[in-house]
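I am opening a notebook on a structure that is new to me. I will put down what I look up, one topic at a time.

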Amino acid sequence: MKFTEKTTIQSADVDMRGVLRPTALLAKLEDVGGHQMIAFPPSNDDLRKQGLAFITSRMVIQIRKELRENMEVDMETWATDSRGLSFNRCYRMLHDGEVAADVYSSWALLNFEEHTLVRVNDFGEVGGEQYLPLTLDIPLRVRMPAAEEYTEVAKRKIYYSDVDLNGHLNNTKYLNMLCDFVPGIEHKSLRGINIRYVAEAPLGEELTVLCKEDGDTYYFKTVRSDGKINCEAVLYF
């Protein structure tokens, strides 16, 4: 079933313009997903005890309304159209009955003892009954620029404050990190993100951040020190 909770935007959640940061937005919504899994087991803790953990494959986020400090919001989440190796989930955030943000996400279930991925048909539904996915204006799949079109904009080391229980850069932290490399970000309104997580960035890793600007759209690629792509993302303003 769909799972709902309420929350309030706090001062630590907003940027210098007073607008909810993308990392805070996604973290709040993912918390609701975790709470749904507690209400409809298995929870994330249950999975860890079985040697399993969800890892993020893709997040597509459409921001329809800017949220600010002290706003009370309603959050919803539900499982949707999962198949093969993709456990898919939607999230929605509303303010005064108006949709503020929609998220479509894909997750892989990792057996970290065997280093294999678990198929949906072999495990079953997670998070209760499935519902139809959200319809977003942002494409779920994006054709990324050719390698030679990118420009290196920074080196970014992964610090203790970036990582989660797995010792890797937390999936929500990517969003703020990428926004840091958008020129004039303090004057821009983010309306969407499509990010594909390719390979983990562990504690101590140094990422090379590559970017291509195309009008109000910014294409990003981060590369690990071993040459492997860490993530690919598109930010829409």
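The entries below go from the whole chain to strands, cores and charged pairs.

**Entry 1, the chain as a whole.** I noted before anything else that this is a predicted model. I counted the elements and found 4 helices and 11 strands in the protein chain. I then looked up the radius of gyration, which is 17 Å and close to the 18 Å that the globule rule gives for 237 residues, so the chain is as compact as a globular protein of that length. Along its principal axes the C-alpha trace spans about 45 × 45 × 35 Å. I also looked at burial, and 50% of the 237 residues count as buried, while the accessible surface comes to about 11800 Å², with 47% of it belonging to carbon and sulfur atoms.

**Entry 2, strands.** I followed strand 3 (residues 72-83), which pairs in the antiparallel sense with strand 1 (residues 3-8) over 6 bridges and, also in the antiparallel sense, with strand 4 (residues 86-95) over 8 bridges. On the strand 1 side I found Phe3 opposite Thr77 of strand 3, and on the strand 4 side I found Arg89 as the bridge partner of Ala79. The hairpin of strand 3 and strand 4 has 2 residues between the strands, and Gly84 takes a positive phi near 60° there.

**Entry 3, cores.** Which residues touch the most other members of the largest nonpolar core? I found Met93, Ile195, Phe220 and Leu235, out of 54 residues in that core. Helix 1 (residues 22-39) gives the largest share of this core, 6 residues. Apart from it lies another core, of 14 residues, which includes Trp78 and Tyr236. Leaving aside residues up to four places away in sequence, I listed the contacts of Met93, among them Leu25, Lys28, Leu29 and Val73.

**Entry 4, charged pairs.** My search of the whole structure gave 15 salt bridges. Lys28 appears again here, in a salt bridge with Asp13 whose closest N and O atoms are 3.2 Å apart. This pair links distant parts of the chain, since Asp13 is in the loop between strand 1 and helix 1 and Lys28 is in helix 1, 15 residues apart. Are these two partners buried or exposed? Asp13 counts as buried at 13% relative accessibility, and Lys28 counts as buried at 14%.

I then turned to helix 2 (residues 44-49), where Arg48 and Asp45 lie 3 residues apart, about one turn of the helix. Their closest N and O atoms are 2.5 Å apart in a salt bridge. Arg48 is partly exposed at 38% relative accessible area, and Asp45 is partly exposed at 46%.

Definitions and conventions:
Residues numbered from 1 in each chain as written. Predicted model: local features only at pLDDT ≥ 70, side-chain atom pairs only at ≥ 80, totals over all residues. Heavy atoms only, no water. Pairing = 2+ DSSP bridges. Core = buried A, V, L, I, M, F, W, Y, C linked by side-chain atoms within 4.5 Å. Buried < 20%, exposed > 50% of the residue type's maximum accessible area, 1.4 Å probe, protein only. Contact = heavy atoms within 4.5 Å. Rg over C-alpha atoms; globule rule 2.2 N^0.38 Å. Areas by Shrake-Rupley, 256 points an atom, 1.4 Å probe, with all protein chains shown as cover. Salt bridge = Lys/Arg side-chain N within 4 Å of Asp/Glu carboxyl O.
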